[in-house]
Amino acid sequence: MSSETKSYFCVAEGCNSDERKRGRYGYMKDVRFYPFPTQKRAPALRKRWLDLLRRENYEPKRNHRVCSLHFKEGRPTENHPYPELFAYNNFKESLKMRSTTSISKREQCMVKDTQFDISVPPRVDSPAASESVLQTQINNDNSLFVAGVSGELNGSWPVNQEIEVTDHECPTVGSLSVTGTHVEMDHCYISGSFCSNDMSTRDIGIQTTLTTADIKVLEEKSTKLEDPEKLMRELFVNKVVKDDKNVQMYTGLPSKTILNGVYDILEKASPTLKYWSGQGSAAKKKYQKDSLNAKSGPKRKLSRFQEFVLTLVRLRLALTTFVMADLFGVSTSRVSQVFTTWINFMFTIFKPLLKWPSRNVLKKFMPSSFRAKFPNVNCIIDCTEFFIKKPRNPTAQSQTFSSYKHHNTYKALVGVSPSGAFSFISNLWGGNVSDRYITKESGFLDNIQPGDEIMADRGFLIRDLLLHRRAKLIIPPFTRKCSWGKGI
């Protein structure tokens, strides 16, 4: 839809229909806009439309329209080619059919919104008839029906069975749905017509359109306003998982479905976690092993899904612990504790999925560009570096300082198959370590078989290491000279 179409609005008196409100207001869902007949093709019909609008000295502009609410059949037709329903003619309804007072209008709105059904028996004037009505209507079998939803997470770990993906969001508003209520009366002090024990009731407010459920929602909202940190945390998480675009920008995962699926795998793999709190803390697993022992200390502020989102957002955006602590309403030490725990947890769960592909698999999925020029290439390797804060220890400073990045970094060797899938990831090394040393000591060479070809840039001086295993190093040509290679 063009930007011009979005600016259409109805020019009828008292009508609020506007194309810019579509999607934000429910009443705009089925509303359509129709342009005025042109002066050249239908001058008489155009004059009739303008006369029915009753606007003095009015001339329609480019974005002026009349909405479908003013046509008898919802659009201009052969029988009704012009708008006829306006506020000045009461939309051609009798006064008895339309609400004329504020009280009747509120009652009509409440009847549409509430889920209660009201059923009142006919009034009985005679005492004898009243007693007979009471005898037939009193019933001791009274019940309250509350509609609820119950469910459990169905999944498997890691991926050998199907997983039912759950939509994980932080609830900001509670809800109550009641489908029917039967009220038992102990005493009858009124006439028989209103003393039915099987009578369905409805909550009718005075000078308000709020129902009991609406009042409970407002109470929950006011309670959350008293805890601004919790409210901000839930709003931020809901913003992250709002749609696929937000999930991709905040976490790097392609869609909301993938995000929920990954979390369900992790949740199924380990319902309880032992959080890192320093050296030796992983050995203490008292309450994780015994479900009867509750966790000591205060209750955690973050839910498991919020901790998962915190970890992914920090990985994607490289935000500092202070910013993450401010967004989630926790301390910076808690952010570090959660981040460290989830990084190691996800590494343990997903490491078995990282496998070195066979030659048959490589040839099956090899792109045509590789198939034509490099048909025997098994892996493309390179070292990637991550910036870190400058360590306080001088020895750690020298071990992590990268002369290539001119910064303190961690370095890892990454291998990718020609189809683009990760096939090898090494442990982290200090930025001062050369690419050759990491390739030799990381275990990458254990995957090399005779006849394999490995592609790397000119900074990798590993030709002799590959020849030892009867493999070949492929270095693609470069367009300009380089006085020195990285990692030498």
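**Packing of helix α2 and lining of the largest pocket**

Helix α2 packs its buried residues against two strands, β2 (33-34) and β3 (64-67). In this predicted model, the helix spans residues 43-53, and its buried positions are R46, W49, L50, L52 and L53. When α2 is viewed down its axis, these buried residues lie within an arc of 165°, and they therefore line one face of the helix. Exposed residues A44 and K47 are carried on the face of α2 that is turned away from the buried side. Immediately after α2, R54 adopts a positive phi of about 55°.

The largest pocket in the predicted model contains about 2,500 Å³ of space. Its lining comprises 44 residues, and those nearest the centre of the pocket are L315, F339, I343, F386 and L428. Two or more lining residues come from each of the helices α8 (256-269), α10 (304-317) and α12 (332-350), and likewise from each of the strands β6 (377-387), β8 (407-416) and β9 (422-425). Of the elements involved, α12 makes the largest contribution to the lining, supplying eight residues. By residue class, the lining of the largest pocket consists of 26 nonpolar, 13 polar and five charged residues.

Notes. Residues numbered from 1 in each chain as written. Predicted model: local features only at pLDDT ≥ 70, side-chain atom pairs only at ≥ 80, totals over all residues. Heavy atoms only, no water. 1 Å grid on protein atoms, 1.4 Å probe; cavity = no way out; pocket = protein on both sides within 12 Å on 5 of 7 lines; lining within 4 Å. Points joined across faces, edges and corners; volume = space filled by probe spheres on them. Helix = DSSP H or I, 4+ residues; strand = E, 2+ residues; numbered from the N terminus. Nonpolar A, V, L, I, M, F, W, Y, C, P; charged D, E, K, R; others polar. Buried < 20%, exposed > 50% of the residue type's maximum accessible area, 1.4 Å probe, protein only. Arc of directions from axis to C-beta. Contact = heavy atoms within 4.5 Å.
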